[in-house]
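Subject: Structure for you to look at

Hello,

Here is the structure I said I would pass on. My notes on what was found in it follow below.

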Amino acid sequence: MNDALLYRIKNQYNQVDELLRGLSEELIHQRHNPEKWSIKENLAHLGRYQEIYNKRINTILKEEIPVFDRYKAESDVLFESWIALTMEEIVSQTKKERKLIFERLSHTNQTEKHKSGIHPRLGNMNISEWTEFFLLHEAHHFYTIFWLVKEYSGR
């Protein structure tokens, strides 16, 4: 795994602190569009999806080219448990697991780096590609949160 990817897996989530700085509880919990998630729901999704990503990486390392279903938060019963957490718990748990993920990925050997798993739409991806996919997905939700903050807080 290249150094830039490891740097991003280690540091990207820390942007959450800046995104949330000074926000009211009302803004964090409010759905400004009934069809879209609140800031808190977006972050709960990221925490839960990180668990999914970590589980997939562990499966890839243990099995020979596993096949995964597409993840859908709406049909994930454990997503609801993340929504039930406080914002502080969501951020803390996500950061704690991210440190473990970083440690695992930074110690992958040459054989492990080439192992892969199959995504239902994107096909066969190695661990670096799964990590890139995960980070881009996370960045998309940070972009959404950024827009919500700018639109509704006047910051």
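**Notes on the model**

Ala73 is buried, because its relative accessible area is 5%; buried means under 20%, exposed means over 50%, and partly exposed is in between (1.4 Å probe, protein chains only). Accessible areas come from the Shrake-Rupley method with a 1.4 Å probe, and for residues only the protein chains shown count as cover.

Before the rest, some ground rules. This is a predicted model, in which local features need pLDDT of at least 70 and side-chain atom pairs count only at pLDDT 80 or more, while totals for chains, interfaces and linings use all residues. Residues are numbered from 1 along each chain as its sequence is written, and side-chain values use heavy atoms, with hydrogens and water left out.

**Three single residues**

Ala73 sits in the loop between H4 and H5. Helices here are DSSP runs of H or I with at least four residues, strands are runs of E with at least two, and both are numbered from the N terminus. Between the C-alpha atoms of Ala73 and His29 there are 18 Å, with 44 residues separating the two along the chain.

The loop between H4 and H5 also holds Ile65. Ile65 is not a glycine, yet its phi is positive, at about 45°. Ile65 counts as partly exposed because its relative accessibility is 38%.

Leu100 belongs to helix H6 and is exposed, with a relative accessible area of 58%. Its C-alpha atom is 9.6 Å from that of Lys10, although the two residues are 90 apart along the chain.

**Salt bridges**

The model has 8 salt bridges, a salt bridge being a side-chain nitrogen of Lys or Arg within 4 Å of a carboxyl oxygen of Asp or Glu.

One of them joins Lys95 to Asp17, with 2.7 Å between the closest N and O atoms. Lys95 is in helix H6 (residues 87–106) and Asp17 in helix H2 (residues 15–20), so this pair ties together parts that lie 78 residues apart in sequence. Lys95 is partly exposed at 24% relative accessible area, and Asp17 is partly exposed at 35%.

Asp76 and Arg48 form another, at 2.6 Å from N to O. This pair links distant parts of the chain, 28 residues apart: Asp76 is in the loop between H4 and helix H5 (77–83), and Arg48 is in helix H4. Both Asp76 and Arg48 are buried.

Glu112 and Arg104 meet in a salt bridge of 2.7 Å, N to O. Glu112 is buried at 17% relative accessibility, whereas Arg104 is partly exposed at 29%. Elsewhere, Arg48, Glu51 and Asp76 are joined into one network by salt bridges that share partners.

**Pockets**

A pocket is an open set of points on a 1 Å grid over the protein atoms alone, where a 1.4 Å probe fits and protein lies on both sides within 12 Å along at least five of seven lines; lining residues have an atom within 4 Å of a point. Grid points are joined across faces, edges and corners, and the volume is the space filled by probe spheres set on the points.

The largest pocket holds about 680 Å³ of space. Its lining has 27 residues, and those nearest its centre are Trp37, Asn42, His45, His140 and His141. Helices H4 (39–62) and H8 (127–153) each give at least two residues to this lining, and H8 has the largest share, with 9. By class, the lining splits into 9 nonpolar, 9 polar and 9 charged residues. Ala, Val, Leu, Ile, Met, Phe, Trp, Tyr, Cys and Pro count as nonpolar, Asp, Glu, Lys and Arg as charged, and the others, Gly among them, as polar.

The second largest pocket holds about 200 Å³. Among the residues lining it are Arg48, Glu51 and Asp76, the residues of the salt-bridge network. Its lining has 8 charged residues, 2 nonpolar and 1 polar.

**A nonpolar patch**

Tyr143, Phe146 and Trp147 make a nonpolar surface patch of about 360 Å². Patches are made of residues with over 30% relative accessible area and no salt bridge, with like charges joined within 9 Å and nonpolar side chains (Val, Leu, Ile, Met, Phe, Trp, Tyr) within 5 Å. Phe146 lies in helix H8 and is partly exposed, at 42% relative accessible area.

Regards
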